[in-house]
Amino acid sequence: MKNYLLYWLRKGQLFVLSFCFCATLLPAQQELGTHFMREVGQVNKTNPAFTGQNGFYLGLPSVYFSYWHTAGSVDDLIRKEGGKNILDVSRLIRNADDDNSLNMHFELESFNLQFALGKFAIGVNHAVKSNIWLQYSETLPKLFWEGNGQYVGQEIFFGPDQQSFAYNEWGLSAAYELGPLRVGGRVKLLNGIGDVSTDRTLARLQTDDDIYQLSLVTDYRVNSSTFSNKILFDSLSGIGVEYGLDELFNYDGLFSSNMGVAFDLGIQYQLNDRLEVAVSLLDIGRINWDEKLNTLSSQGTFRYDGIEFSNIFQDEELSFEGTLDTLEEIFSFEESSDEYSTSLPAKLYASAMYQLNDRLRLGAMYHMEKFRGRERHAIAVSADAQLLPQLRVGAMYALRNDTYDNLGLNVNYLLGPVRLFAMTDNVLAVVRPFDSQNVNGRLGLALELGALFQKEKTLED
């Protein structure tokens, strides 16, 4: 898996700024369609009160991925050069808004075991998750690629806010039925693999219109507990990083010392034989980082004469060491090793489902995700039908991230005790994934041993 990044670097460690583009679209969250797939055990991930039929449900490895970037799709921003994918900064500048967001999420769930008996259900699961979140202004790429001459006599703010992190999640869930009400909860042990995140983001620049003196005011700090990354310089206008999924498991021992806890809570209420409502709060928790730490901070007012920012990255002879030295000199970073903590993206699901007849079911949902002081909202409606005894197909329409072309599809098929399922919230992106600003999907399979036992019992009767 390759990510193409622009970032500030020091001593070979990633810090401060990441423009991340996944050439294979395997790394936004806002998973909507799974919530409507009530026959699939992974629906429990969106509300711990949702449980399946009596018996065992063993979710085998499943994959979820998502990509969302307000400044464009992968095809909008990546060009081919010498057989390599390169971030084209000039295209990024043309597409960027005053305020831009980039979100990528990749999840590999290794197993999801659930057991339900009567009114009580328990479950245990494990997943590896990787998230990239970046908020930046259009002045940031323009400043470093086109220079500060365009801002003579102006004061601009260009400090990006970002968090890129990966962790293991071990979950233990339980649910209990109280008449028409079912309540559920999950406690999750989090083990951090790596993180790069900012907690102060002030970077203000002014270029004097008389003597071209540059004044830089900063209160910027980035914390890191980094995992191994291989740095690549692909061209004069692109800096890359390459890493594989094996990096997510490449650390000493079964657990690192970066530990945390999170909680999921949910309720499901059956109003009558046809209508139910449900609400859940997910990922209320944080990770404490205390291993392989590096904190870089810049605070103060700095003045320089005649510095042209674009020359830092666009010299004909791009010197890796020289570029780092120049950035370090300009921003006057101080280094330390401070322990810190980061929160997970908290999520809210509120939904209603109506059983129209024996085959057709309708649904509606509101979703909210809050992370690093920002909120993202989505509204969705759905319909799914039992086309065959073994086959259920659903469709969904959503308003999300200021986009209105989100038509989702989901399908699950029961073949004996094996259930196969697939979901995407934007089927148009499946047809042209590299030409979409919003891509996501989940794919997996499971063993429904309860269904097998029920079939054997029916044959005996």
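## Largest cavity

The lining of the largest cavity comprises 11 charged, nine polar and five nonpolar residues. The model in which this cavity occurs is a predicted one. The space inside the largest cavity amounts to about 270 Å³. Its lining is formed by 25 residues, of which E31, K45, E107, K129 and K347 are the closest to the centre.

Two or more lining residues come from each of the strands β8, β9 (120-137), β11 (161-178), β12 (181-207), β17 and β21 (346-355). The largest share belongs to β9, which gives four residues to the lining of the largest cavity.

## Nonpolar cores

In soluble globular proteins, nonpolar side chains tend to be buried together. In this model the largest nonpolar core contains 35 residues, and L143, F144, F158 and L205 have the most contacts inside it. At least two residues of this core are supplied by each of α1 (74-77), α2 (89-95), β8, β9, α3, β12, β13 (213-225) and β18 (293-305). A second core, separate from this one, has 11 residues, among them Y167, I287, W289 and L293.

Strand β8 also holds L102, which counts as buried because its relative accessibility is 0%, under the 20% cut-off. The C-alpha atom of L102 is separated by 5.8 Å from that of W133, although the two residues are 31 positions apart along the chain.

## Helix α3

Helix α3 spans residues 139-146 and is mostly covered, with six of its eight residues buried. The buried positions are T139, L140, P141, L143, F144 and W145. Two of these, L143 and F144, are among the residues with the most contacts inside the largest nonpolar core. After α3 comes G147, which has a positive phi near 90°.

## Aromatic pairs

A pair of aromatic rings is described by the distance of the centres and the angle of the planes. The model has five aromatic pairs. In one of them, F56 and F115, the ring centres are 4.7 Å apart and the planes make an angle of 40°, so the pair is tilted. Because F56 belongs to strand β4 (residues 55-59) and F115 to strand β8 (residues 99-117), this pair ties together parts that are 59 residues apart in sequence. Both partners are partly exposed: F56 has a relative accessibility of 37%, and F115 has a value of 29%.

The pair of W289 and Y340 is stacked, with 6.4 Å from centre to centre and 20° between the planes. W289 lies in strand β17 (residues 275-289) and Y340 in strand β20 (residues 340-343), so the contact ties together parts 51 residues apart in sequence. Here both residues are buried, W289 with a relative accessible area of 0% and Y340 with 11%. W289 is also one of the residues of the second nonpolar core.

## Aromatic cluster and charge over a ring

One aromatic cluster is formed by W133, F165, Y167 and F371. Two of its members recur elsewhere in this account: W133 has its C-alpha atom 5.8 Å from that of L102, and Y167 belongs to the second nonpolar core.

A charge also sits over an aromatic ring in this model: the charged end of R38 lies over the ring of F50, at 4.0 Å from the ring centre.

Definitions and conventions. Residues are numbered from 1 along each chain as its sequence is written. This is a predicted model: local features need pLDDT of at least 70, side-chain atom pairs count only at pLDDT 80 or more; totals for chains, interfaces and linings use all residues. Side-chain values use heavy atoms; hydrogens and water are left out. Rings of Phe, Tyr and Trp (its six-membered ring) pair if their centres lie within 6.5 Å; planes under 30 degrees apart count as stacked, over 60 as edge-to-face and the rest as tilted. Buried means under 20% relative accessible area, exposed over 50%, partly exposed in between (1.4 Å probe, protein chains only). A charge sits over a ring if NZ of Lys or CZ of Arg is within 6 Å of the ring centre and within 35 degrees of the ring normal. On a 1 Å grid over the protein atoms alone, a cavity is a set of points where a 1.4 Å probe fits but cannot get out, and a pocket is an open set with protein on both sides within 12 Å along at least five of seven lines; lining residues have an atom within 4 Å of a point. Grid points are joined across faces, edges and corners, and a volume is the space filled by probe spheres set on the points. Ala, Val, Leu, Ile, Met, Phe, Trp, Tyr, Cys and Pro count as nonpolar, Asp, Glu, Lys and Arg as charged, and the others, Gly among them, as polar. A nonpolar core is a set of buried Ala, Val, Leu, Ile, Met, Phe, Trp, Tyr and Cys residues joined through side-chain atoms within 4.5 Å.
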